Amino acid sequence: MDHHFDLVIIGSGSGNSIVDGRFADRKVAIVEKGVGPQAAYGGTCLNVGCIPTKMFVHTADTARAPQHGAVLGVDLTLRGADWPAIRDRIFGRIDPLASGGERYRATGSDNVTLYRGTARFVGERRLAVETAEEAVTITADQVVVAAGSRPVIPDVPGLDQALGYHTSDSVMRMDRLPRRMTILGSGFIAAELAHVFSALGVEITVIARGGVLLRHEDAAVARRFTELARERWDVRPHRKLLRATRDADTLLLDLEGPQGAETLRTDELLVATGRRPNSDLVDAAAGGLALHADGRIAVDERQATSVPGVWALGDVSSPWQLKHVANHEARTVQHNLLHPDDPRTSDHRYVPHAVFSSPKIAAVGMTEQEAQAAGRDYVTSAREYSGVAYGWAMEDTTSFVKLLADPGTGELIGAHIIGPEAPTLIQPLIQAMSFGLDARSMAKGQYWIHPAMPEVVENALLDLPLG
Ligand SMILES: Cc1cc2nc3c(=O)[nH]c(=O)nc-3n(C[C@H](O)[C@H](O)[C@H](O)COP(=O)(O)OP(=O)(O)OC[C@H]3O[C@@H](n4cnc5c(N)ncnc54)[C@H](O)[C@@H]3O)c2cc1C
Ligand SMILES: NC(=O)c1ccc[n+]([C@@H]2O[C@H](COP(=O)([O-])OP(=O)(O)OC[C@H]3O[C@@H](n4cnc5c(N)ncnc54)[C@H](O)[C@@H]3O)[C@@H](O)[C@H]2O)c1
């Protein structure tokens, strides 16, 4: 028998937040298959993404205190990192949130039905849902596809489940820390988890396809990050993984690089080579949904798909695989479900991001290479943390702020920060860009607390060669 609902939501990550008291008069279904080794409720960010990684990053930053202390003349010693205690503290906080969220959805409101299983489109606004207990067909007036993304596993001989590699889904729950870990990929996850595991005592090797890590950052930032990474990790640029094999507890990775073939021996392999949208898992094509070439569900600025009554948000449709973007798009969808006569659009003008590694990175707007490629007129400035008093206090020698602005209007078009507190320092620049505050007014129209770190932002603003 078919079950009909006013609204079906596929995915309990950002999709979960849509249904609140304002939907009390609608019959709602949420379908969730579960993420990570425990098939948890609540999506990527909570269970296997932003939240646990940042809890580990803070722990790693703390474990690195002796290195910084030595620079300042403070003699600290790291006597050890108790991995099971760290892991269990972090997931001891997260897992109850996931199960509590699930319990609330399963029993908390009469109008909401939770299906714990996989949903696949079998027609327009028609879904086959398979749970452990039953297979049902559900139809709905409105469907929200908030199905997220999953790790991509490159097609490398030997790299299959039997080899026993990790992804970000599993690596944070390892039983014990290995002596050596190799990370395939040099993007966000590689940068963050290399910091986490190396700070806790693991020898890290990073296999990068290109010449720098984090190659999508502004070139000056990527270069600085790579120089610093090479001091901590065995970074192998311009490498291709040809084959993976196992010899008892050791993994053998055959690489090809500028010096020819080499074999790397390691204890654990973390594959961090990007994430693909889950549009195939929901069989979006069978639902009539138009897709981009990379598998993302195509949406307009209201988050509407090509099928009337079907909406999509977050990693399954967005070019930005970021939680603040998924949350923003979920709010757009929520509004448009509640107010069909007064639709709202998502604002993707200034999407910022941060990489929580060591050093930290934050950016918004165009990189210099993007401005050049777009033929955009720009002026630029860069200021080292070491040029302001708080940078002296930290004995910082490697961090900087780089800005790009329009020479005519003084409008900021890009901001890039590498160094301590970068994700916090960048927020006033995001605010200025979002609200159209030009660089001169921003620099001169307010007090900047002395001697605080944002003075480096003030100085970079003042340095922009504007008329
Ligand atoms: C290790 C890591 C660290 C990250 N750190 C950050 C960070 O610091 N900051 C940041 O902004 N972003 C970060 N991200 C990205 C962020 O987690 C995602 O952009 C965000 O969680 C996407 O939300 P979503 O709602 O689109 O998808 P998800 O949260 O993934 O939710 C989708 C849900 O749909 C379910 N699902 C999928 N297909 C089906 C189906 N057919 N039937 C039923 N259910 C289905 C999935 O099980 C999942 O629970 C990180 C990601 C990772 C992997
Ligand atoms: N702080 C944050 O906001 C944060 C943190 C982690 C993840 N994320 C999100 O999750 C997404 C996924 O993270 P990620 O690090 O897996 O992806 P990524 O896109 O940041 O990096 C992927 C890396 O894998 C490399 N790569 C791709 N295919 C490869 C192959 N076949 N062999 C070798 N290398 C290959 C790429 O060159 C790149 O270095 C990110 O794009 C980001 O949007 C965000």
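Of the 37 residues around ligand 1, which come nearest? The legends below start with the answer and then move through the rest of this predicted model.

**View 1. The surroundings of ligand 1.**
Gly11, Gly13, Gly43, Gly148 and Gly314 come nearest to ligand 1, out of the 37 residues around this ligand. Look next for the elements that give two or more residues to the shell: strand 2 (28–32), helix 1 (43–48), helix 2 (50–63), strand 3 (112–123) and helix 8 (323–338). Sorted by character, the residues of the shell around ligand 1 divide into 17 polar, 15 nonpolar and five charged.

**View 2. Strands 3, 4 and 5, joined by hairpins.**
Strand 3, which also gives residues to the shell around ligand 1, pairs with strand 4 (residues 126–131) in the antiparallel sense, over six bridges. One pair to find here is phenylalanine 121 with its bridge partner in strand 4, leucine 127. The hairpin of strand 3 and strand 4 has two residues between the strands, and arginine 125 in this hairpin takes a positive phi near 55 degrees. Follow the chain onward and another hairpin joins strand 4 to strand 5, this time through three residues. Strand 4 and strand 5 (residues 135–145) are again antiparallel, with five bridges. Here valine 129 stands opposite valine 136 in strand 5.

**View 3. An open sheet with antiparallel pairing.**
Three strands in the order 10-11-12 make up this open sheet, and their pairing is antiparallel. Strand 10 (240–247) and strand 12 (260–266) are the edge strands, each pairing on one side only. From one strand to the next, the twist averages 20 degrees. Strand 11 (residues 250–257) runs antiparallel to strand 12, and seven bridges join the two. To find your way, start at leucine 253 and look across to its bridge partner in strand 12, leucine 264.

**View 4. An open sheet with parallel pairing.**
This open sheet has four strands in the order 9-8-7-13, and the pairing is parallel. Its edges are strand 9 (234–236) and strand 13 (268–271), each of which pairs on one side only. On average, and with direction ignored, neighbouring strands of this sheet are turned by 20 degrees against each other. Strand 7 (residues 180–184) and strand 13 run parallel and are joined by four bridges. Threonine 182 is a handy landmark, standing opposite leucine 269 in strand 13.

**View 5. The domains of the chain.**
How is the protein chain divided into domains? Domain 1 takes in 2–151 + 276–338, domain 2 covers 171–273, and domain 3 covers 359–463. The centres of domain 1 and domain 3, taken over C-alpha atoms, are separated by 33 Å. An unreviewed UniProt entry places the feature "domain: FAD/NAD(P)-binding" at residues 5–329. Over residues 5–329 the chain is 28% helix and 27% strand, with end C-alpha atoms 22 Å apart. UniProt, again in an unreviewed entry, places "domain: Pyridine nucleotide-disulphide oxidoreductase dimerisation" at residues 351–460. Over residues 351–460 the chain is 33% helix and 25% strand, and the end C-alpha atoms lie 21 Å apart.

**View 6. Stepping back to the whole chain.**
The protein chain has 14 helices and 20 strands. Along the principal axes, its C-alpha atoms fill a box of roughly 70 × 65 × 40 Å. A compact globule of 467 residues would have a radius of gyration near 23 Å, so the 24 Å of the protein chain agrees with that.

How values were computed: Residues numbered from 1 in each chain as written. Chains lettered and ligands numbered in written order. Predicted model: local features only at pLDDT ≥ 70, side-chain atom pairs only at ≥ 80, totals over all residues. Near = placed C-beta within 6 Å. Nonpolar A, V, L, I, M, F, W, Y, C, P; charged D, E, K, R; others polar. UniProt positions renumbered as here; feature names shortened; annotations may be inferred. Pairing = 2+ DSSP bridges. Axes fitted to C-alpha atoms, helices over the stretch in contact; angles between N-to-C directions. Domains from an automatic or database assignment. Rg over C-alpha atoms; globule rule 2.2 N^0.38 Å.
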